[in-house]
Amino acid sequence: MVETTAAEPFRYRIRREAGGAWEWFQRNYRTSKWFRRGAIAGGVLLVLYLLFSIWVARDLPSADKLLTYQPPLPTIVRGVDGEIADSYARERRVQLRFVDFPPRVYNAFLAAEDKTFWTHGGIDYPGFVGAVFDYATKFGSGQRAKGGSTITQQVAKNILLGDEYSITRKLKELVLARRIENVLTKEQILELYLNEIPLGRQSFGVQAASRAYFDKDVKDLALHEAAFLAILPKAPERYGRAKNAQLAIERRNFVLDQMAKNGFASEAEVAQAKAMPLGLIARRAEGKGVDAGYFLEEVRRQLLAKYGEKAEDGPNSVYAGGLWLRTSLDPELQMSARDALRDGIMRFGGSRPFSRPLAHIDLGEGSWQTQLIVSNLGIAYKDWRIGVVTQRSGASATIGFADGKTYPLVGVPDALRAGDVIAASPSGSGYAVRVVPEVSGGMVVEDPHRGRVYAMQGGFDSRLGSFNRATQAERQPGSTIKPFVYATALDYGMTPASMVLDGTFCVYQGAALGDKCFRNFDSRGGGGTHTLRWGLEQSRNLMTVRIANDTGMEHVVNTIKRMGIGNYDPYLSMALGAGDTTVQKMVNAYAGLVNFGRLNQPTLIDYVQDRNGKVIWRAKNLKCSACNMAEWDGKQMPRFNPTGAQRMDPRTAYQTVHMLEGVVQRGTATVLKDLNLPLFGKTGTTSGPTNVWFVGGTPDIVGGVYLGYDQPRSLGGYAQGGRIAAPIFKEFVQKTRERWGDVPFRAPAGVRMVRVDRVSGKRVFAGNPGTDAKSPIIWEAFKPDTEPRRSINQGEMDAKARVLAALEQARAARLGAGARAQDSTAAPRDFVEEQGGIY
């Protein structure tokens, strides 16, 4: 007999009841026509529901993606001081954690969008029924149904589905909302919503919108401001416009009433908030921490090449990857470089009459305001603005600006036409035309020891055009190339004291071309024989060509190539700067001279971090073998190892720099002399003259500048590097004087400083160099065994012997006979100047 358990009677009862229900269904199905029809209809509906559920859910993304969701974030650019300089973004986005949002902020959104958020499971069924009814009443009208979407559903739509308006999308949204509630906590869902919701003015997320509408962080928002942001998800472009302010206030006050009704705020707080105006700030473009458009655009180009533009290009893309950059941008040096270059451009071309507009738009092709806005032209100079001439009639004209306002123009030039885009500034009750000079130029400032670019200005204003004349304009450097010709000569046996003829130099170019004769800048054929130093200080073309010819042009162009300036054919004209290069390349090459011949690649980015703070790229990994010792060992302080590649003999580099100091003291750049700094540099003027240059600096900062027309043409016969370019550099130094140290240039090992006659280059044994730049005696730098030897006649030798004998007799008399006997075995003494070192 089988033993019966206590659970068996219950199981038998379930089976019996189920069997009875099935018998009941069968009996009614056979006997009742209406029951049979209802059962068939119910079955069909059940099958359709199952099939439809499978069809809706078949391609749905996984809600688990939200656990690791990374929103598209802009790239943030910091300067050398760590302050934010700019961001690369097409949308305003700032990511915050849930705890960063004050309760009054998220409660305002709950009151406006989803008051039962904390209790529902992703779907607000009463609200959903209301939305279905609204859809039915508007079906076929073209109007969009509203309501019914919980915050969870909006997260599903904004992040996983998109904004397609269809019943299918709505059904998918419902399914996903249920799944999301099973994957994320309520706080996580609300955090995603507050960071992703589009709120107008290109703002995504509450923090970005708070900045766009109130210029505040969310923690600083008042109750009425939080309520205003909470109305924006419904119609951001409508409520955010000044002309709809009253509608926005009514909707804001409704949200405030809902906050009081739901216990999110007290009646007194709501009443006070409802009495407040909207307080919106004017819509404006995202501001930059420093006006460095050319520098920042060059950084952007480099990032795009390295990481791509969009999220599809990789996890670290420029416009979605959320990168953080530390650059070498120095705000003080950048602003000073910008102002100095602009002032130089204005001095040269600012007083010239209006000749042509910045651009021209067709007033018959739609709204002039829209065309002006999309032209993306702007200017940040004094009180100047960019506008378009909306009408011209006789001597009168009207100018319109991007804000839609128009004003009369005064002093209208004859060449001005309707549709011209120009610069203008306030004048009386209207505006006056201002001329942006046609001449332009570029300027770069660099750290010679690491190659870090501190400042870069590629024209008058980057808002007028993105063409960067500091990096993209290929120009003839003129005489700024000469130091590398002289450096090559120093490597091949010459010294700063070598004598070279400053005379006519012609080269036979064949029967068809005949002789090519070079001339000095002053068009004279030259005069006399002079030292290498003098030839460089005075920028003598004939001496330079002769030196290049004697040294070998193949060696000269090799030096120029090694220093990163350019790859030129070995023609003598290249020794006078006929090959094209850029300001950045020239500045970097001069930085290599200062850095004892070690050449670094110029860098604008120090390092790049991903959105999580991990460094994913670094410009230079500096090594210091003893920097992390447990305690100081008493030896010399450890230092970073030098960076860069050795491209020139350190002694040659220093000799060249030492001669270039003379350019400032006695040569073509004496306009810089009164700065009273240890400066070196070289001016340059190309044929025409079409370009004027100056490149130079101190042991710690090197900069360069050029001026010229974008389509090269003559600047005028008076234009010279010393007159136009060097004063720009001087103004730059004056604006940042405290940044320029007084430490002189340091000679590397193996250089001997010898007193020489400045004119003849001969060694001097009597007297010392004076403080005057025109002193006849100077210190000159030589490599060992290259300094001038003693060259004296017999009479001078006899005179020296008599002086020495007299000195010895006087010394013997003082010491006495015994001391004389003891000293008789001493080694003969030579002059100190024959023992090496400084003499």
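**Helix H13.** I began with helix H13 (residues 293–307) and asked which of its residues are buried, meaning under 20% relative accessible area with a 1.4 Å probe and protein chains only (exposed is over 50%, partly exposed in between). I found Gly-293, Tyr-294, Phe-295, Leu-296, Glu-298, Val-299, Arg-300, Leu-303 and Tyr-307 buried. Helices (H or I, at least four residues) and strands (E, at least two) are DSSP runs, numbered from the N terminus.

A note on what I am looking at: this is a predicted model, where local features need pLDDT of at least 70, side-chain atom pairs count only at pLDDT 80 or more, and totals for chains, interfaces and linings use all residues. Residues are numbered from 1 along each chain as its sequence is written, and side-chain values use heavy atoms, leaving out hydrogens and water.

Next I checked the span of H13, where the expected value is 1.5 Å times one less than the number of residues. Its 15 residues should span 21 Å, and the end C-alpha atoms are 21 Å apart, so the two agree. After H13 comes Gly-308, with a positive phi near 90°.

**The cores.** Which residues touch the most other members of the largest nonpolar core? A nonpolar core is a set of buried Ala, Val, Leu, Ile, Met, Phe, Trp, Tyr and Cys residues joined through side-chain atoms within 4.5 Å. This one has 120 residues, and Phe-295, Leu-303, Phe-484, Ile-565, Phe-729 and Phe-732 touch the most other members. I also noted a second, separate core of 50 residues, which includes Ile-151, Ile-189, Tyr-193 and Ala-227.

I then looked up the contacts (heavy atoms within 4.5 Å) of Phe-732. Leaving aside neighbours within four places in sequence, Phe-732 is in contact with Leu-333, Ser-336, Ala-337, Ala-340, Met-443, Val-445 and Trp-740.

**Strand E5.** In E5 (residues 324–327), Leu-325 and Thr-327 point to one face and are buried, while Trp-324 and Arg-326 point to the other and are not. I remembered that side chains in a regular strand alternate between the two faces of the sheet.

Two strands pair if DSSP finds at least two bridges between them. E1 (residues 75–78) runs parallel to E5, with three bridges, and Val-77 has Leu-325 as its bridge partner. E19 (residues 605–609) runs antiparallel to E5, with four bridges; there Leu-325 stands opposite Val-608.

**A hairpin.** Last, I followed E8 (residues 396–400) into E9 (residues 406–410), an antiparallel pair with four bridges. Five residues lie between them in this hairpin, and Gly-404 in the turn has a positive phi of about 90°.
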